[in-house]
Amino acid sequence: MDWEHANISNDFNPGLTEPEAPDQSYHIVISDGEVLCIDGQYPWRPLTGDEFQWCGLDAVSSHYLGDLSGTPIYAVEVDPDADEPSGYGFQSLWSFLTSVEQPVFYLIGRAKQVIEWHQHHNFCGACGQVTSTTPVDRSRKCESCNIAFYPRLSPSIIVLIHKGDEILLAKNAHARGNFYSTLAGFVEPGESIEETVHREVFEEVGLKVRNLRYYNSQSWPFPNSLMLGFHAEYDSGELVLQEEEIADAQWFHYNDLPHKPAMMSISGWLIDDFIKRMD
Ligand SMILES: [Zn+2]
């Protein structure tokens with residue numbers, strides 16, 4: 001199927017078994033975490049098999065991701081020192097957040113994470129032996145330790161806390177850019193995601209919350225988070241900021257919000273969802 005006519009969220013089927021002798025193929029080419037783009041091609045699309053062959057880049061590894069209505073799609077890792085071929089350029093994953101449709105962004109994020117999984121698990125972390133790919137799932141296996149290494153995913157919660165018609169937004173001490181966002185944090189071993197919400201909120205801003213409501217989730221490939229979004233109601237406490245993590249946190253009326261996060265992010269969706277419900 002032609003990329004231009006595809007509906008990626010409907011037509012992409014993730015899989016492990018490559019179709020035999022397909023007419024066409026697509027290649028998402030990644031070098032050192034950056035994605036190859038065809039100059040002047042907007043919106044972005046992956047390279048066809050012919051384009052990849054003729055652009056002169058050598059694949060370090062290639063991973064079948066699935067098919068687009070029968071056309072296979074590969075994540076291709078190339079040498080980080082390789083020069084950009086004439087007519088092409090590498091761009092960071094961040095630049096795709098606002099330049100492609102969301103399902104395309106997720107597909108590119110999938111390609112990047114599969115390549116990173118392969119790079120990081122070529123050798124067993126316990127005994128150092130070379131691992132091998134298994135045919136049944138996306139894992140690298142150490143035969144001598146009998147350990148399987150899957151792509152690493154880091155589940156994280158993200159929560160919009162509301163109090164009447166105000167919401168709590170915070171400026172992260174390490175964030176890129178000067179904007180206020182919802183609170184977020186990684187799930188720890190042994191925790192339910194609801195427990196993570198309560199712990200993170202208390203650690204970061206010193207508040208107790210109640211009436212958690214699961215909202216939505218988002219794959220966030222910077223580098224491998226799975227964001228689980230919640231709404232929560234303020235229960236009690238005064239703002240006490242965890243200085244290493246939070247530069248500032250304030251209650252804002254939903255009609256008078258500061259510079260918000262990108263609408264491609266679940267933080268933006270949570271804020272928008274709250275505003276819609278208040279209106
Ligand atoms: Zn081992």
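**Exercise 1. Find the residues that Ile 30 touches, setting aside its neighbours within four places in sequence, and place Ile 30 in a core.**

*Solution.*
Step 1. Select Ile 30 in this predicted model. Leaving out neighbours within four places in sequence, its contacts are Val 35, Ala 75, Val 76, Glu 77, Ala 111, Lys 112 and Ile 115.

Step 2. Now look at the core. The largest nonpolar core has 28 residues, and Ile 30 is listed with Ile 28, Val 29, Ala 75, Val 76, Ile 108 and Ala 111 as having the most contacts inside it.

Step 3. Ask which elements build this core. At least two residues each come from β2 (26-31), β3 (34-38), β5, β6 and α4. Helix α4 gives the largest share, 8 residues.

Step 4. Look for a second core. Another one, of 26 residues, lies apart from the first, and Val 197, Met 227, Leu 228 and Ala 249 are among its members.

**Exercise 2. Decide whether Leu 168 is buried or exposed, and find its contacts.**

*Solution.*
Step 1. Locate the residue: Leu 168 belongs to strand β12 (residues 166-172).

Step 2. Count neighbours. Leu 168 has 23 C-beta neighbours inside 10 Å, and the cut-off for a buried residue is 20 or more. Leu 168 is therefore buried.

Step 3. List the contacts. With neighbours within four places in sequence left aside, Leu 168 is in contact with Ile 161, Val 205, Ala 249 and Trp 251.

Step 4. Pick one partner, Ala 249. Leu 168 and Ala 249 are 81 residues apart along the chain, yet their C-alpha atoms are separated by 6.8 Å.

Step 5. Step back to the whole chain. Of the contacts with a separation of 6 or more, 65% are between residues 24 or more positions apart. Buried residues make up 29% of the 279 residues.

**Exercise 3. Trace how β5 pairs with strand β1 and with strand β6.**

*Solution.*
Step 1. Recall the general idea: strands of a sheet pair through backbone hydrogen bonds, either parallel or antiparallel.

Step 2. Start with β1 (residues 12-14). It is joined to β5 (residues 59-68) by 3 bridges, and the two run antiparallel. You can check one pair yourself: Phe 12 has Leu 68 in β5 as its bridge partner.

Step 3. Move to β6 (residues 71-78). Here 8 bridges connect β5 and β6, again in an antiparallel arrangement. One pair to find is Ser 61 opposite Glu 77 in β6.

Step 4. Inspect the turn. The hairpin of β5 and β6 has 2 residues between the strands, and Ser 69 there takes a positive phi near 45 degrees.

**Exercise 4. Work out the order of the sheet that holds β8, β9 and β10, and name its edge strands.**

*Solution.*
Step 1. The 3 strands make an open sheet in the order β8-β9-β10, with antiparallel pairing.

Step 2. Each edge strand pairs on one side only; these strands are β8 (132-133) and β10 (147-149).

Step 3. Zoom in on one pairing. β8 and β9 (residues 140-142) are joined by 2 bridges, and Ser 132 stands opposite Lys 141 in β9.

**Exercise 5. Describe how the two domains meet.**

*Solution.*
Step 1. Divide the chain into domain 1 (3-120) and domain 2 (154-278). Their C-alpha centres lie 32 Å apart.

Step 2. Count the contact residues: 9 in domain 1 touch 6 in domain 2.

Step 3. See what the domain 1 side is made of. Helix α4 (residues 102-120) supplies the largest share, 6 residues. By type, the residues on this side are 3 nonpolar, 4 polar and 2 charged.

**Exercise 6. Find the cis peptide bonds before Pro 43 and Pro 223, and the positive phi values of Asp 32 and Asn 211.**

*Solution.*
Step 1. Keep the general rule in mind: most residues other than glycine have a negative phi, and most peptide bonds are trans.

Step 2. Check the prolines. The bond from Tyr 42 to Pro 43 is cis, with omega near -5 degrees; Pro 43 lies in the loop between β3 and β4 (47-48). The bond from Phe 222 to Pro 223 is cis too, with omega near 5 degrees, and Pro 223 sits in the loop between β14 (208-220) and β15 (225-236).

Step 3. Check phi. Asp 32, in the loop between β2 and β3, has a positive phi of about 55 degrees. Asn 211, in strand β14, has phi near 50 degrees.

Step 4. Test exposure, using the cut-off of 12 or fewer neighbours. Asp 32 is exposed because it has 12 other C-beta atoms within 10 Å; Asn 211 is exposed because it has 10.

Methods: Residues are numbered from 1 along each chain as its sequence is written. This is a predicted model: local features need pLDDT of at least 70, side-chain atom pairs count only at pLDDT 80 or more; totals for chains, interfaces and linings use all residues. Two strands pair if DSSP finds at least two bridges between them. Helices (H or I, at least four residues) and strands (E, at least two) are DSSP runs, numbered from the N terminus. Domain bounds come from an automatic or database domain assignment. Two residues are in contact if their C-beta atoms, placed from the backbone, lie within 7 Å. Ala, Val, Leu, Ile, Met, Phe, Trp, Tyr, Cys and Pro count as nonpolar, Asp, Glu, Lys and Arg as charged, and the others, Gly among them, as polar. A nonpolar core is a set of buried Ala, Val, Leu, Ile, Met, Phe, Trp, Tyr and Cys residues joined through C-beta atoms within 7 Å.
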